[in-house]
Each structure stands twice: as structure tokens, then as C-alpha cells.
Amino acid sequence: TRYTTVTNSAAVHTKTTMKTAIIATLVGSAAAFAPAPVARVESSLSYAKELDSMAGASNEVGGKVWDPCGLSDYVPADWARRAELSNGRSAMLATVGWFFPKIFGTFDSTDVTTTDPIDAILQADPQWWAQFIVICGVFESWKYNQEMSGKSFLGGAAPAVDYLKLWPEDAAKQEELKLKELKIARLAMI
């Protein structure tokens with residue numbers, strides 16, 4: 001009987017050990033499917049603090065500065081704003097140029113005979129394009145020299161160009177004017 005008791009005890013011990021091993025294996029494999037903790041990665045390039053002090057937060061963009069592509073993580077916010085305003089001002093002029101011939105007609109010209117802007121681009125003489133590129137270079141050079149002398153195209157300093165004296169003295173009105181220009185520039189770019 002002693003032999004039978006030892007055999008039964010060994011069999012129970014073996015069954016218990018096997019069950020424990022199976023449970024440990026199942027628990028270990030189940031842990032493989034648990035989500036691993038992910039550390040939050042922060043970029044040292046973030047310029048988000050600069051965005052807080054910039055004009056551009058309004059109802060149309062949810063009360064935040066508009067940066068849908070997150071470009072402020074890769075380029076300085078001041079540079080991006082300058083590029084946005086420069087391109088927006090060009091777009092505003094292009095919008096005027098789009099409608100002007102349809103309303104007032106074309107200049108007396110033999111090479112451009114249409115009021116369709118796309119067709120007019122193709123009809124324009126290459127000499128005109130060369131003159132256009134040169135005049136753009138002259139304007140950009142003048143603009144750069146004005147900025148180097150402390151004048152501004154974005155506000156915050158004496159404006160480089162204000163022939164009509166529209167730049168207000170009041171800081172709140174200056175911010176309002178900046179926001180208006182930014183909204184119109186964004187609309188023209190669309």
C-alpha cells in the first residue's frame with residue numbers, strides 16, 4: 001500500500017505541475033497581446049509657443065492659429081507667417097488681375113487678345129515675362145533692404161509702405177488690421 005500511495009502522490013504531483021505549466025504558458029502568451037506602453041515623443045523643433053503670440057486665431061479656425069499641416073514643427077513660425085503673407089498678397093493681386101480684364105477690358109495690345117487669364121498667360125510675349133521677373137526681383141530687393149533698415153511688412157515696426165496712412169497708431173487696431181489682412185490673404189490663396 002505504501003508503494004501505491006507514493007505512486008498516487010507522484011501522479012497527483014505530476015498533474016498539478018503540468019497544469020501549472022500550461023496555465024503559466026497561456027498567461028505568458030496572452031501578455032504578448034496586451035498593448036505595450038508608448039512613451040510620448042516630443043520634438044525639440046516645436047515652435048508652438050511662438051504661435052500663441054501671433055495673429056491668426058479667430059472663429060473660422062477654431063480659436064487657434066491655423067497650422068493644418070503642422071509646419072510650425074519644422075520651420076520657424078515667423079518665417080512661415082512672412083511666407084504666408086507674401087504669398088497671400090500675391091494671390092490678392094492675382095485675383096484682381098483675374099477679374100480686371102473681364103470688367104474693364106484689355107489694354108490696347110496685339111499679342112494678348114483675350115479676357116481669359118489662362119489663355120492670356122499663353123498669349124503673352126516671352127519678353128513680357130522677362131520684364132515681369134526683373135520687376136519682381138527689384139521689388140524683392142527693395143523689400144529686403146527696407147527690412148534690413150528696420151522697417152516692417154508685418155507690423156510691429158514702422159511700415160515700409162503706407163502711402164495712404166492706413167496703419168493705425170492704436171495697438172488693438174493694428175492687431176485687428178493684421179487679422180483682416182491675413183483672412184483676406186488666405187481667402188485669395190484658396
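**Figure 1. The side chains of Arg81 and Glu84 are joined by a salt bridge.** The N-to-O distance in this pair is 3.1 Å. A salt bridge here is a side-chain nitrogen of Lys or Arg within 4 Å of a carboxyl oxygen of Asp or Glu. The model is predicted; local features need pLDDT of at least 70, side-chain atom pairs count only at pLDDT 80 or more, and totals for chains, interfaces and linings use all residues. Residues are numbered from 1 along each chain as its sequence is written, and side-chain values use heavy atoms, with hydrogens and water left out. Arg81 and Glu84 are both part of helix α3 (residues 77–104), where they stand three residues apart, about one turn of the helix. Helices (H or I, at least four residues) and strands (E, at least two) are DSSP runs, numbered from the N terminus. Both partners are buried, a class that means under 20% relative accessible area, with exposed set at over 50% and partly exposed in between (1.4 Å probe, protein chains only).

**Figure 2. Glu84 also forms a salt bridge with Arg186.** The closest N and O atoms of this pair are 2.7 Å apart. Glu84 belongs to helix α3 and Arg186 to helix α6 (residues 171–189), so the bridge ties together parts that are 102 residues apart in sequence. Glu84 and Arg186 are both buried. Arg81, Glu84 and Arg186 are thereby linked in a network of salt bridges. Side chains of opposite charge can pair when their charged atoms come close. The structure holds seven salt bridges.

**Figure 3. Glu181 and Arg89 meet in a salt bridge.** Their side chains approach to 2.6 Å, N to O. Glu181 lies in helix α6 and Arg89 in helix α3, so parts that are 92 residues apart in sequence are tied together by the pair. Glu181 is partly exposed, with a relative accessible area of 25%. Arg89 likewise counts as partly exposed, at 27% relative accessibility.

**Figure 4. Helix α3 has a span that agrees with expectation.** The end C-alpha atoms of its 28 residues are 40 Å apart, and 40 Å is the span expected at 1.5 Å a residue. The expected span of a helix is 1.5 Å times one less than its number of residues. The buried residues of α3 are Ala77, Arg81, Glu84, Leu85, Gly88, Ala91 and Pro101. After the helix comes Gly105, which has a positive phi, near 90°.

**Figure 5. The largest pocket holds about 1800 Å³ of space.** A pocket is found on a 1 Å grid over the protein atoms alone, as an open set of points where a 1.4 Å probe fits, with protein on both sides within 12 Å along at least five of seven lines; lining residues have an atom within 4 Å of a point. Grid points are joined across faces, edges and corners, and the volume is the space filled by probe spheres set on the points. The pocket is lined by 43 residues, of which Ser90, Leu93, Ala94, Phe132 and Cys136 are the closest to its centre. The elements that give two or more residues to the lining are α3, α4 (117–123) and α5 (126–148). Helix α3 gives the most, with 14 residues.

**Figure 6. Helix α5 is followed by a glycine with a positive phi.** The 23 residues of α5 reach 33 Å from the first C-alpha to the last, close to the 33 Å expected at 1.5 Å a residue. Just after the helix, Gly150 takes a positive phi of about 100°.

**Figure 7. Lys165 sits in the loop between α5 and α6.** This residue has a positive phi of about 55° although it is not a glycine. Most residues other than glycine have a negative phi. Lys165 counts as exposed, at 67% relative accessibility.

**Figure 8. Gln174 is a buried residue of helix α6.** Its relative accessible area is 17%. Leaving aside neighbours within four places in sequence, Gln174 is in contact (heavy atoms within 4.5 Å) with Trp167, Pro168 and Glu169. For the protein chain as a whole, 16% of the 190 residues count as buried. The secondary structure of this chain comes to six helices and zero strands.
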